[in-house]
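Work through the following exercises with the sequence and the model side by side, and try each task before you read its solution.

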Amino acid sequence: MDYEVKASDDFLWVLLPTELDHYQADRIRQEVKDEMREHIIKYIVFDFKQTTMMDSSGIGLITGRYRDVASQGGQVYVSHVDDHMKKVLTLSGLYRIVVPWEHIVSSV
Amino acid sequence: MSITNELVVEFPAIGENESLARVIVSVFVAGLNPTIEELSDLKVAVSEAVTNAIIHGYDSEKYLYDTGKPEQEQGAAGRDIANQIRLAMSLEGRTVTVSVTDHGCGIEDIDRAMEPLYTTKPDQERSGMGFSFMEAFTNELQVSSTPGQGTTVIMKKVIGE
Ligand SMILES: Nc1ncnc2c1ncn2[C@@H]1O[C@H](COP(=O)(O)OP(=O)(O)OP(=O)(O)O)[C@@H](O)[C@H]1O
Ligand SMILES: [Mg+2]
């Protein structure tokens with residue numbers, strides 16, 4: 001399944017594709033950057049709901065967007081992370097910078 | 001049951017073929033009934049090796065980042081189909097061996113290239129995690145390379161241990 005990018009106020013929601021590789025990451029990066037030029041985005045949610053595979057290109061995509069919003073005091077969230085994705089995120093050290101979205105939702 | 005099998009394919013070094021390579025390897029090992037996790041691991045490893053061949057071996061991204069336009073909009077210049085990647089796989093018992101070969105620029109210092117977080121393309125949002133992922137998601141990784149001639153990555157993974 002394909003990806004989707006939606007902005008609402010200072011939030012950007014990025015529904016990731018079934019397999020997030022270098023080819024897909026480049027397309028998503030382009031669209032996310034376009035949205036970030038049109039809206040002032042502080043918070044980004046990367047939603048893995050339909051994603052079954054991610055390689056290191058996804059790490060670059062997420063880290064890059066973290067750099068974009070962190071300077072604004074923003075935050076990057078990850079949502080619907082399955083076991084495989086958890087392994088990839090842990091191995092890459094990405095959990096040091098991203099916050100599981102479900103933690104936020106359940107603590108509200 | 002012990003299966004012996006082999007398959008070799010060659011394709012141009014373009015981004016669309018990353019998913020093609022993953023699908024081919026997945027179908028090749030289907031007879032071993034891999035778990036979803038084993039399949040995801042194998043897909044990541046294949047994806048890393050093929051992506052490296054495209055963006056480092058053949059530097060196919062330089063057009064994209066020089067002009068800021070996606071490859072698709074640049075016509076033939078951005079997609080040199082003479083740049084071929086060879087994907088070979090073999091099966092012996094429960095062990096699948098996948099090798100990915102490019103005839104691109106090669107790697108000067110393999111040990112350094114394989115260090116976690118080492119990347120020569122930080123400007124293109126590479127994280128330097130590719131080789132670490134190949135190592136973590138397979139049972140064995142071998143890299144051989146000759147500067148100016150190309151690179152071969154060989155990975156072995158045992159399915160259903
Ligand atoms: N096929 C190749 N040909 C030439 N150089 C390569 C090749 N594969 C890897 N390299 C070199 O090794 C370095 C490390 O590769 P690795 O896959 O670990 O990280 P990366 O590709 O830079 O980043 P990431 O994989 O996280 O997106 C690359 O930056 C590149 O300089
Ligand atoms: Mg890589």
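**Exercise 1.** Find which residues Thr119(B) is in contact with, once its neighbours within four places in sequence are left aside.

*Solution.* Keep in mind that the model is a predicted one. Start by placing the residue: Thr119(B) belongs to the loop that lies between α4 (110-113) and α5 of chain B. Next, apply the cut-off for a contact, which is heavy atoms within 4.5 Å. With the neighbours within four places set aside, the partners of Thr119(B) are Arg126(B) and Gly128(B). Finally, look at the side chain of Thr119(B), where a polar atom lies 3.1 Å from the backbone nitrogen of Lys121(B).

**Exercise 2.** Determine which residues come nearest to ligand 1, and which polar atoms of the protein lie at what distance from its oxygen atoms.

*Solution.* Begin with the surroundings: there are 21 residues around ligand 1, and those that come nearest are His56(B), Thr119(B), Thr120(B), Ser127(B) and Met129(B). Thr119(B), the loop residue of the first exercise, is therefore also one of the residues that come nearest to the ligand, where being around it requires a heavy atom within 4 Å. Then go through the polar atoms. In the side chain of Thr120(B), an N or O atom is 2.5 Å from an oxygen atom of ligand 1. For Arg126(B), a contact partner of Thr119(B), a polar side-chain atom lies 2.9 Å from a ligand oxygen. Gly130(B) takes part through its backbone, with a polar atom 3.2 Å from an oxygen atom of the ligand. As a last step, consider the cover: on its own, ligand 1 has 600 Å² of accessible area, and the protein covers 96% of this.

**Exercise 3.** Decide which elements give two or more residues to the shell around ligand 1, and explain why the site counts as shared.

*Solution.* First, note that the space taken by ligand 1 is the largest pocket. The elements that give two or more residues to its shell are α2 (36-57) and α5 (130-137) of chain B, and α2(B) gives the most, with five residues. The site is shared between chains because residues from both A and B surround ligand 1.

**Exercise 4.** State how many helices and strands chain B has, and in what order they run.

*Solution.* Counting the elements gives five helices and five strands in chain B. Read from the N terminus on, their order is β-α-α-α-β-β-α-α-β-β. To complete the picture, 52% of the 161 residues of chain B count as buried.

Notes
Residues numbered from 1 in each chain as written. Chains lettered and ligands numbered in written order. Predicted model: local features only at pLDDT ≥ 70, side-chain atom pairs only at ≥ 80, totals over all residues. Heavy atoms only, no water. Helix = DSSP H or I, 4+ residues; strand = E, 2+ residues; numbered from the N terminus. Buried < 20%, exposed > 50% of the residue type's maximum accessible area, 1.4 Å probe, protein only. Polar contact = N/O pair within 3.5 Å; in protein donor to acceptor, adjacent residues only side chain to side chain. Areas by Shrake-Rupley, 256 points an atom, 1.4 Å probe, with all protein chains shown as cover. 1 Å grid on protein atoms, 1.4 Å probe; cavity = no way out; pocket = protein on both sides within 12 Å on 5 of 7 lines; lining within 4 Å. Sits in = over half its atoms within 2 Å of the grid points.
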